[in-house]
Amino acid sequence: MPEKNPHLSNRDRAVLHAVADGRCRRSSHTLFVDGAYCADQFVADHLTEIGLLSTTEPVRLTPSAQLLLKAA
């Protein structure tokens, strides 16, 4: 169950924006942004656990994440 008001770091928000822009792909637990390995190896799992990223490929924002970005 997603948190109602998750605490997001600037990095979390940057990853959400990159996903929204279609710049990310995921392979297992590895996230790639613009074709490069994301140095934060836990960010995709964290954002998935709190209900902001899809669990399927291609990686997508959940409706909760879309609302969160629109509100920011």
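## Briefing: helix H1, the sheet and the charged pairs

In H1, the buried residues are Asp12, Val15, Leu16, Ala18 and Val19. They span an arc of only 160° around the axis, so they lie on the same side of H1. The model is predicted. It also holds an open sheet of 3 strands, 3 salt bridges and 1 aromatic pair.

**Helix H1 and what covers it**

- H1 runs over residues 10-20.
- The cover over its buried residues includes E1, E2, H2 and helix H3 (63-71).
- Gly22 comes just after H1 and takes a positive phi of about 75°.

**Leu69 in helix H3**

- Leu69 is a residue of helix H3.
- Its relative accessible area is 14%, so Leu69 counts as buried, the cut-off being under 20%.
- Setting aside residues up to four places away in sequence, Leu69 touches Leu16, His17, Ala20 and Leu61.
- One of these contacts, Leu16, is also among the buried residues of H1.
- Between Leu69 and Asp21 the C-alpha to C-alpha distance is 12 Å, with 48 residues separating them in sequence.

**The sheet**

- The strand order is E1-E2-E3, and the pairing is antiparallel.
- E1 and E3 are the edge strands, each with a single partner, so one side of each has no neighbour in the sheet.
- E1 covers residues 24-27, and E2 covers 30-33.
- E3 covers residues 36-37.
- E1 and E2 pair over 4 bridges, in the antiparallel sense.
- Cys24 stands opposite Val33 in E2, and Ser27 stands opposite Thr30 in E2.
- The hairpin of E1 and E2 has 2 residues between the strands, and Ser28 there takes a positive phi near 55°.

**Side chains along E1**

- In a regular strand, side chains alternate between the two faces of the sheet.
- E1 shows this alternation: Cys24 and Arg26 point to one face and are buried.
- Arg25 and Ser27 point to the other face and are not buried.
- Arg26 has a relative accessible area of 12%.

**Salt bridges**

- A search of the whole structure gives 3 salt bridges.
- Arg11 pairs with Asp40, with the closest N and O atoms 3.4 Å apart.
- Arg11 sits in helix H1 and Asp40 in the loop between strand E3 and helix H2 (43-49), so this bridge ties together parts 29 residues apart in sequence.
- Arg11 is partly exposed, at a relative accessible area of 48%.
- Arg23 pairs with Asp34 at 2.9 Å, N to O.
- Arg23 is in the loop between H1 and strand E1, and Asp34 is in the loop between strand E2 and E3, so the pair ties together parts 11 residues apart in sequence.
- Arg23 is partly exposed, at 36% relative accessible area, while Asp34 is exposed, at 52%.
- Arg26 pairs with Asp45 at 3.6 Å, N to O.
- That pair links distant parts of the chain, with Arg26 in strand E1 and Asp45 in helix H2, 19 residues apart.
- Arg26 is a buried partner, at 12% relative accessible area.

**Aromatic rings and a charge**

- An aromatic pair is described by the distance of the ring centres and the angle of the planes.
- The structure has 1 such pair.
- Phe32 and Tyr37 have ring centres 6.3 Å apart and planes at 70°, so the pair is edge-to-face, the cut-off for that class being over 60 degrees.
- Phe32 is buried, with a relative accessible area of 18%.
- Tyr37 is partly exposed, with a relative accessible area of 47%.
- The ring of Phe32 also has a charge over it: the charged end of Arg25 sits 4.2 Å from the ring centre.
- Arg25 belongs to E1, where it is one of the side chains that are not buried.

Methods: Residues numbered from 1 in each chain as written. Predicted model: local features only at pLDDT ≥ 70, side-chain atom pairs only at ≥ 80, totals over all residues. Heavy atoms only, no water. Salt bridge = Lys/Arg side-chain N within 4 Å of Asp/Glu carboxyl O. Buried < 20%, exposed > 50% of the residue type's maximum accessible area, 1.4 Å probe, protein only. Arc of directions from axis to C-beta. Contact = heavy atoms within 4.5 Å. Phe/Tyr/Trp six-rings, centres within 6.5 Å; stacked < 30°, edge-to-face > 60°. Lys NZ or Arg CZ within 6 Å of the ring centre and 35° of its normal. Pairing = 2+ DSSP bridges.
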